[in-house]
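Got the viewer open? Here is a short tour, with something to select at each stop.

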Amino acid sequence: MNTAAGGPDAGSIGEHEEPPVPVDRPPIVVAANRLPVMRTEEGWSPSPGGLVRALYPLLRATGGKWIGWTGDTDDAPAPFHVDGVDLVPVPISAAEVELYYEGFSNDGLWPLYHDALRESTYDADQWDAYGAVNQRFADVLAAESPVGALVWIHDYQLQLVPAMLRAQRPDLRIGFFLHIPFPPHELFSRLPWRNEVIEGLLGCDLVGFQRPMGAMNFVASAQQLLDVEAERSDDERTAVIDVDGRRVHVGPFPISIDVAEVEEMAAGRATRQRASQIRARLGDPEVILLGVDRLDYTKGIGLRLRAFGRLLEQGLLDPERHVMVQVATPTREAIEHYQDERHEIERLVGSINGRFSRLGLPVVHYIYRTIPFEELIPLYRAGDVLLVTPFRDGMNLVAKEYAAAHIDGDGVEVLSEFAGAADELTDAVLVNPHDEQALEAAIVTAVEMHRHERRERMAGLRAQISKFDLHGWADRFLDALADL
Ligand code: ADQ
C-alpha cells in the first residue's frame, strides 16, 4: 500500500476530495478494535496485514471510513486521514484496556470461544467496561456513518455494537464478521452475559462466520436463549433469523489472503536467495519443518514440539537430517495464560535442543519475535513441511500464506482439522492434533512424502486459495450486505 499521506490531518474530514462513490456501492464504514495505522516518527503509516490491504481500496473508492482505537491509551486525536481514507479514533483509557481488552475480550471471550482451552475469567467490572467501550464505538459510528452506509463491524471485541448502533441509526445496513470460532451452545451458555451478546449481534442485517459450524452454533444459541424463529438452508450452512419483524442473515464467509501479493513477493530473486541462505544457515538439512504463529495457547505449538521431540527420540526423525524452525510472535504478554504458555514452549525448546542438538547446530530454532512479512516469505519458501496444529483456530492464514508462497509447487502442510482452513485445504495432511500418535504419523507422512504426491497436493492447495482470495472475501461479504 502506498504510505504517502502519512501525518494527521484533522481538518480533512469531509473536506478533502475523495474519489467519487461508485454508483453500485454505498459508502463503507469499518469498525474494528484497532485502527489500521501505526504511529511512527514521521506520523501515521498503514499497518501491515491483509485485512487492511483488502479493505482500504474499498473505503477509498466509496469515500468510507475506519473507526477504531489508536493502540495508545488515553489518546483521543481528532479524526485524520491516511492514504485517502478517513480514520476516526475511539479513545480507550488504560483502565479500559485492562478490563475491556485484556480482561473481558482476551481472558474471557477468547478462551471460551476456543473450546474453553483455558479457564475464562467472568468479571462484572470487565463486562461493564466491555459495554462502555462498545457503546462508545456505537456512538462514534452513529455520528460518523453517512446515510445509507454499509457498516462492517469486526470481531469479538465489538459484539454489542450492532444492536447499540441500530437503536440510534436504523437507516444503516449493519454487518458483523467474527474472525474467531463461535462455540457450541453448551460452551457459549457458560457466559453470564450470553443473552446480551446474542442480542447485540442480532442488531445486524448480516452476521458472518469463518465456518458453517460457527454460523450454525450461533443460530442454535439464538434459538435456545432468545426463543427466536430461524429458518436454516437445506445444506445447513446459512440461516435467516426473525427478530421483531426484521430478518437477520447468518452464514459462512471464510477469510483468505492476498494471493497475488504473496506470489509476487515469493517470486522475487531476493526471496529465492534468502531462502537458500536460510537453508545453508540451518546446516543444509534434508527437511526443514516450520511453524509460524502468534504465541497463543490455541495454536498447539507445544503439541508439535513434543511430537517432534518424540520422533527424534524414537529415531523416526534424525537431528542430522531434520530441523525445526518455530517463529512465535509475542502477543498478549500481560495475561497469565500467555506467560505460562511461553514458559512451557521455551522449556520444551530447551529440553529438545539439550538432548538432540550438535555444537553450533540446534535441532529446534526458536524465534520469539514478530518478523516482517518480507522475511516471512523466504522462510515459507525454505520450509519443506509446514506444521499448523491449533487446538482450535477461526481460519489460520499462515496455512494459506505458505501455499501461496510455494510458487515452486513443492512443500507439504500438516494441518489441524480444528483450523477453519481445514474446510478448504483438504490437500493438506489433515490431523487431529489431540491424538499424539496421529500427529506423529502425520509428521512422518509429510516428511517422507514422495515428490510426486507433494506436488499434486500443493497444486490442489494453490488452486483452492486462488479461487477464494481476500478481495473476493471482502466483495462477497459486502455484496451480500448490500443486496439485503
Ligand atoms: P490470528 O490468530 O492472529 O488471527 P492467523 O490467521 O494465523 O492468526 O494470522 C496470523 C497472521 O500473522 C498471518 O498473516 C501471519 O503472516 C502473521 N504472523 C504470524 N506469526 C508471525 C511472526 N512470527 N512474524 C510475523 N508475522 C507473523 C485471527 C484468528 C484466525 C484468523 C484471522 C483472520 O485467530 O483464525 O485466520 O484472525 O480472520
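**First stop: the cavity lining**

Sorted by class, the residues lining the largest cavity are six nonpolar, one polar and four charged. Keep in mind as you click around that this is a predicted model. To see the lining, select Gly411, Val412, Glu413, Asp427, Ala428, Val429, Met449, Arg454, Arg457, Met458 and Leu461. The space they surround has a volume of about 40 Å³, and the structure holds one cavity of 30 Å³ or more.

Which element gives the largest share of this lining? Select α15 (451-467): four residues of the lining come from there. β17 also supplies at least two.

**Next: out along the sheet**

From the cavity, go to strand β17, residues 412-416, which pairs with β18 in the parallel sense over three bridges. Pick Ser416 and you'll find its bridge partner, Val431, in β18.

Now bring up the whole sheet. It is open, with six strands in the order β15-β14-β13-β16-β17-β18 and parallel pairing. Colour β15 (364-368) and β18 (429-431) to mark the edges: each has a single partner strand, so one side of each is left without a neighbour in the sheet. On average, neighbouring strands here are turned by 15° against each other, direction ignored.

Add helix α10, residues 301-313, which packs on the sheet and touches β13 (287-294), β14 (322-329), β15 and β16 (385-388). Look along β14 as well: the direction of α10 makes about 165° with that of β14. Then add helix α12, residues 373-382, which also packs on the sheet, touching β13 and β14. The direction of α12 makes about 140° with that of β13.

**Stay on α12**

Is α12 largely enclosed or left open? Seven of its 10 residues are buried, so α12 is largely enclosed by the rest of the structure. Select Leu376, Ile377, Pro378, Leu379, Tyr380, Arg381 and Ala382 to see the buried ones. Around them, show α8 (259-267), α9 (269-281), β13, β14 and α13 (397-405), against which these buried residues pack.

**Last stop: a pocket**

The second largest pocket has a volume of about 320 Å³. Of the 15 residues that line this pocket, select the closest to its centre: Arg274, Ile278, Leu282, Ile367 and Leu379. You've already clicked on Leu379, one of the buried residues of α12. The elements giving two or more residues to the pocket lining are α9, β15 and α12. Colour the lining by class and you get nine nonpolar, two polar and four charged residues.

Terms used. Residues are numbered from 1 along each chain as its sequence is written. This is a predicted model: local features need pLDDT of at least 70, side-chain atom pairs count only at pLDDT 80 or more; totals for chains, interfaces and linings use all residues. Side-chain values use heavy atoms; hydrogens and water are left out. Two strands pair if DSSP finds at least two bridges between them. Axes are lines fitted to C-alpha atoms, for helices over the stretch in contact, and angles run from 0 to 180 degrees between N-to-C directions. Contact means heavy atoms within 4.5 Å. Buried means under 20% relative accessible area, exposed over 50%, partly exposed in between (1.4 Å probe, protein chains only). On a 1 Å grid over the protein atoms alone, a cavity is a set of points where a 1.4 Å probe fits but cannot get out, and a pocket is an open set with protein on both sides within 12 Å along at least five of seven lines; lining residues have an atom within 4 Å of a point. Grid points are joined across faces, edges and corners, and a volume is the space filled by probe spheres set on the points. Ala, Val, Leu, Ile, Met, Phe, Trp, Tyr, Cys and Pro count as nonpolar, Asp, Glu, Lys and Arg as charged, and the others, Gly among them, as polar.
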